[in-house]
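Please look at the structure shown below. The paragraphs after it go through one strand and its partners, and then one helix and its surroundings.

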Amino acid sequence: MELKRVVVTGLGALTPIGLSVESYWDALLKGVSGAGPITRFDAAKFKTRFACELKNFDILNYIPKKEAQRMDPCAHYAIVSTIEALQDAGLDLESVDKNRVGVIMGTGVGGFTSMMETANVFVENGREPRFSPYLLLKVLEDMVTGYISLRYGFRGPNYVTSAACASAANAIGDAFRLLQLGKADVIITGGTEAAVVEGAVGGFDSMRALSTRNDDPLHASRPFDTQRDGFVIGEGSATLVLETLEHALARGAKIYGELCGIGMSADAHNATAPDPTGLGAVLSMKLAMEDAGVIPDEVDYINMHGTSTQLGDLSECTAIQQVFGEHVPNMVLNSTKSMTGHLLGAGPAVESVAILMSMRDGIVHPTINLDELDPRIDQSWNFAANKPVQKNVNVAISNSFGFGGHNVTLLYKKFVK
């Protein structure tokens with residue numbers, strides 16, 4: 001059968017540096033860091049006392065209090081970015097065939113906030129346990145897409161993917177495949193994460209994965225820099241409206257870009273550390289290009305996983321060298337996480353939005369805090385260090401890697417009829 005083409009027609013973003021797509025994009029181009037002292041809980045006794053939290057966000061500006069109380073923040077975030085994406089897409093919710101509209105989102109830890117809050121109360125209470133009747137609905141990951149479908153009446157494919165920091169990439173990839181096969185006309189996809197909680201910060205701290213630059217959080221996330229000492233945890237959501245090309249054209253939708261390929265692989269190396277040879281990442285990038293019918297020399301831009309960890313940054317660079325060789329200096333490479341922090345399962349969606357905005361505007365945002373490139377990395381590579389780069393982006397890829405050795409690469413093209 002002939003596979004259908006898939007395009008992006010709507011975007012929504014809720015990030016530590018902007019609560020909408022345009023404010024997020026503006027902050028990216030200006031090199032704004034979203035890091036600051038943790039306000040979600042008392043972090044005084046933690047090794048890491050800062051994170052990239054949402055600023056001035058109030059869910060009650062978007063949905064009623066009674067409805068909000070039944071949800072975990074990760075569902076709040078997904079609903080807000082979806083509201084923006086659907087408005088941006090201009091989808092007519094009265095005439096669209098809702099049996100053909102699906103919702104697939106990714107999240108790494110789901111309702112961790114609600115579980116942590118309940119555990120704290122249970123331990124501190126010391127009396128007979130009392131649990132909210134909505135607790136399981138808050139904790140279950142699949143309720144993220146369940147609530148979106150309930151809100152809009154979408155009856156197409158509906159589920160959540162979870163693959164650590166590659167979760168949203170898997171969600172976007174699954175949506176892509178279902179649309180290619182004609183199983184839906186429109187799929188709302190992306191990722192959400194609300195992990196700035198004691199358990200996540202303490203757990204990552206104990207693994208020595210987080211930066212401990214408590215005296216200077218604005219400069220803590222510094223991918224590829226010699227002084228990097230771990231990632232900065234973040235929170236937020238991003239939503240993409242994907243459609244088959246024929247459905248988008250039939251309704252006269254604007255098109256940000258075309259999703260053309262996905263590559264997935266496993267390191268099969270270590271539960272937390274990446275394969276130092278970059279083998280899994282090499283596989284995912286090659287598979288994505290093969291899927292899209294693209295050769296390495298056609299790629300203009302790589303939005304890297306780039307978390308600001310010693311091992312992860314080097315492994316990804318090793319993989320890129322193997323795949324692209326002498327072409328690497330011709331591309332622009334960057335890390336959105338240098339500003340947003342690491343949004344875990346939501347990261348791939350937030351980073352996909354950055355790619356599509358680059359295609360729209362012909363500019364690639366900077367990697368901030370890159371003052372001295374790690375000498376083990378080729379010094380001729382262009383990481384857009386601390387300044388945006390004007391670049392006509394026709395082909396771009398997004399890399400996402402997660403604990404467990406999960407690797408996903410998405411490939412986007414500028415749309416051409």
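**A strand and a helix**

In this predicted model, strand S6 and strand S7 (residues 236–244) pair in the antiparallel sense, over 8 bridges. Within this pairing, Thr189 stands opposite Leu240 in S7.

S6 also pairs with strand S4 (residues 101–106), here in the parallel sense and over 6 bridges. Val103 has Ile188 in S6 as its bridge partner.

How many of the residues of strand S6 are buried? The strand covers residues 186–193, and 8 of the 8 are buried, so S6 is largely enclosed by the rest of the structure. In a regular strand, side chains alternate between the two faces of the sheet. Val186, Ile188, Gly190 and Thr192 point one way from S6, while Ile187, Thr189, Gly191 and Glu193 point the other way. The residues of both sets are all buried. Thr189, then, is buried and stands opposite Leu240.

The next element is helix H10, which runs over residues 279–292 and has 14 residues. From its first C-alpha to its last, H10 reaches 20 Å, close to the 20 Å expected at 1.5 Å a residue.

Which residues of H10 are buried? They are Gly280, Ala281, Val282, Ser284, Met285, Ala288, Met289 and Ala292. What covers these buried residues includes helix H11 (310–324) and three strands: S8 (257–266), S13 (395–402) and S14 (406–413). Just after H10 comes Gly293, which takes a positive phi of about 70°.

Notes:
Residues numbered from 1 in each chain as written. Predicted model: local features only at pLDDT ≥ 70, side-chain atom pairs only at ≥ 80, totals over all residues. Heavy atoms only, no water. Helix = DSSP H or I, 4+ residues; strand = E, 2+ residues; numbered from the N terminus. Expected span 1.5 Å × (residues − 1). Buried < 20%, exposed > 50% of the residue type's maximum accessible area, 1.4 Å probe, protein only. Contact = heavy atoms within 4.5 Å. Pairing = 2+ DSSP bridges.
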